[in-house]
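Please open the model in your viewer and keep a selection panel at hand, since each stop below names what to select next.

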Amino acid sequence: MVSALGVQLGVVGAYLVVALAVGLLAYRLTSRDAEDYYLAGRSIGTVVLLFTTFATLLSAFTFFGGPDLAYRAGPEWILVMGVMDGVLFAILWYVVGYKQWLVGRAHGYVTLGEMLGDRFGSTRLRAVVAGISLFWLFPYVMLQQMGAGEAIVGLTNGMVPYWAGAAGITVFMIAYVVIAGLRGVAWTDTIQGLFMLGVVWLAVGWVATAAGGPTALSNALATNEPEFLALGGGLYSPQFIISSAVTIAFGVAMFPQINQRFFVAKSSAVLKRSFALWPVLVVLLFVPAFILGTWAAGLGVAVPEGANVLPVLLNEYTPVWFAALVIAGAMAAMMSSSDSMLLSGSSYFTRDLYRPFVNPDASEAREAWLARIGVALFATLTFVASLFRPGTLVSVGDTAFGGFAQMALPVIVALYWAKTTRTGMFAGILGSQAFYLAHVFVPAIEVGSVTLFGATYLTWDYALWGMALSALLTVGVSAMTAAAPEENQSRFTDGLRAD
């Protein structure tokens with residue numbers, strides 16, 4: 001007889017093998033030039049673009065961090081992730097993404113740094129954008145490895161240790177990105193997105209049936225966690241919800257793996273259809289994920305130290321094989337984020353740092369192999385960092401979102417305001433990053449009645465204040481400085497008009 005552990009690991013392992021097979025097929029169809037490897041030749045259609053963005057964005061932060069937060073503090077986080085960010089990011093997909101697509105198509109840009117570096121005639125600005133992006137990408141890749149480790153602990157009741165789960169997904173994502181390129185990543189993301197949606201809704205139905213139905217679940221929640229049934233009854237304030245929604249949505253728009261997808265659509269119609277459908281997909285995944293975490297709190301599910309609530313809940317209320325299938329879906333979420341992050345990170349490293357500063361004449365073949373080596377090194381370093389578990393999935397993810405969000409408004413200003421200058425961009429990006437980093441790493445200091453480096457100012461999150469500072473510095477310094485002769489505004493705006 002096959003043991004429960006064997007079934008669990010077999011289901012998850014089978015899923016990984018299928019995903020790897022898709023990557024091998026894509027490898028056979030991918031040419032060896034950088035544009036095809038990183039952007040799939042700018043040929044992605046509506047369904048694949050929608051689902052690759054969907055699967056890339058919905059990571060361990062969503063699949064495990066969200067239910068964990070709902071389990072501890074109530075379901076209102078759905079207002080941030082399921083509704084507000086579903087709508088806010090769709091708007092940003094148009095505001096930022098459409099203009100990036102236009103200029104990227106006109107001038108062949110592969111990364112955000114390339115676009116800004118050419119616009120402002122500055123390899124240093126290109127390097128700053130790439131360096132900041134890689135810095136904040138590090139904790140978000142680490143978050144996926146933490147999520148995998150915690151998922152395996154919860155699924156196997158601790159029989160497989162945390163480090164083994166984190167190591168397993170690290171090895172797989174290195175192999176997959178090295179082989180597949182964006183074409184394989186996008187194809188697998190489409191399969192994984194559909195798979196995630198299917199299994200999470202099946203999980204809701206199965207748990208609801210096993211627990212006695214919706215009425216029984218509502219009664220259990222009213223008895224054990226009555227404050228979860230009232231809006232505002234949990235730990236969330238309006239300021240917290242709004243600040244989180246804004247910083248997450250703007251941060252997502254600057255994520256390398258998301259931002260590069262603004263370049264890949266094969267037509268403007270594809271891009272527009274994709275962001276119009278985005279809020280629907282987000283709600284379809286986030287609602288069931290947060291419902292499961294909330295139900296677990298009402299049912300009094302005990303979550304062991306170092307585990308996530310989702311696999312523990314499923315182990316109690318569904319068969320072993322189904323629990324493993326849902327965790328395979330969660331692993332799909334983590335892999336579809338990790339592989340895209342590593343692929344985009346490698347393009348930022350090779351195209352924005354290696355080529356301009358080390359070897360401008362490097363062949364595309366050399367660049368491609370250097371990218372693969374960079375993927376392996378970056379993933380290994382994040383795995384080592386994940387073993388120290390520097391925070392919860394939500395806290396690590398939230399920190400990364402805030403860091404990326406500091407770049408968003410300077411980029412938007414550059415896209416829409418012709419008088420933006422290189423000096424203004426440096427001021428806006430570096431000034432807000434310094435402000436944000438100080439609040440992340442420097443302990444709070446009391447100066448009279450004022451708290452410096454605190455979590456909030458006037459009840460609003462410091463990340464939101466950093467974003468306001470970035471816009472103020474970009475616009476203010478640009479207004480006081482003149483554009484250098486090598487800044488390329490006319491070529492940039494010509495690309496924006498080329499629809």
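**Stop one: a charged network**

Begin by selecting Glu114 and Arg126, which form a salt bridge whose closest N and O atoms are 3.3 Å apart (a salt bridge being a side-chain nitrogen of Lys or Arg within 4 Å of a carboxyl oxygen of Asp or Glu). This pair links distant parts of the chain, with Glu114 in helix H6 (residues 112-119) and Arg126 in helix H7 (residues 123-155), 12 residues apart; helices here are DSSP runs (H or I, at least four residues), numbered from the N terminus. The model is predicted, so local features need pLDDT of at least 70 and side-chain atom pairs count only at pLDDT 80 or more, while totals for chains, interfaces and linings use all residues. Residues are numbered from 1 along each chain as its sequence is written, and side-chain values use heavy atoms, with hydrogens and water left out.

Add Arg351 to the selection, and a salt bridge between its side chain and that of Glu114 appears, at 3.0 Å from N to O. Because Glu114 lies in helix H6 and Arg351 in helix H14 (residues 320-357), this pair ties together parts that are 237 residues apart in sequence. Next add Asp352, whose side chain meets that of Arg126 in a salt bridge of 2.7 Å, N to O. Salt bridges that share partners thus join Glu114, Arg126, Arg351 and Asp352 into one network.

Are these charged residues buried or exposed? Glu114 is buried, with a relative accessible area of 10%, Arg351 is buried at 13%, and both Arg126 and Asp352 are buried as well, where buried means under 20% relative accessible area, exposed over 50% and partly exposed in between (1.4 Å probe, protein chains only).

**Stop two: Thr170**

Move to Thr170 in helix H8 (residues 162-210), which counts as buried at 5% relative accessibility. Thr170 touches Gln145, Ala379 and Phe383, not counting residues up to four places away in sequence, contact meaning heavy atoms within 4.5 Å. Select Ser338 too: its C-alpha atom is separated from that of Thr170 by 8.8 Å, although the two residues are 168 residues apart along the chain.

**Stop three: helix H18**

Finally, select residues 462-480, which make up helix H18. The buried residues of H18 include Tyr462, Gly466, Met467, Ser470 and Val477. Seen down the axis of H18, its buried residues fall within an arc of 150 degrees, so they line one face of the helix; the arc is that of the directions from the helix axis to the C-beta atoms. On the other side of H18, Leu472, Ala479 and Met480 are exposed.

Definitions and conventions
Helices (H or I, at least four residues) and strands (E, at least two) are DSSP runs, numbered from the N terminus. The expected span of a helix is 1.5 Å times one less than its number of residues.
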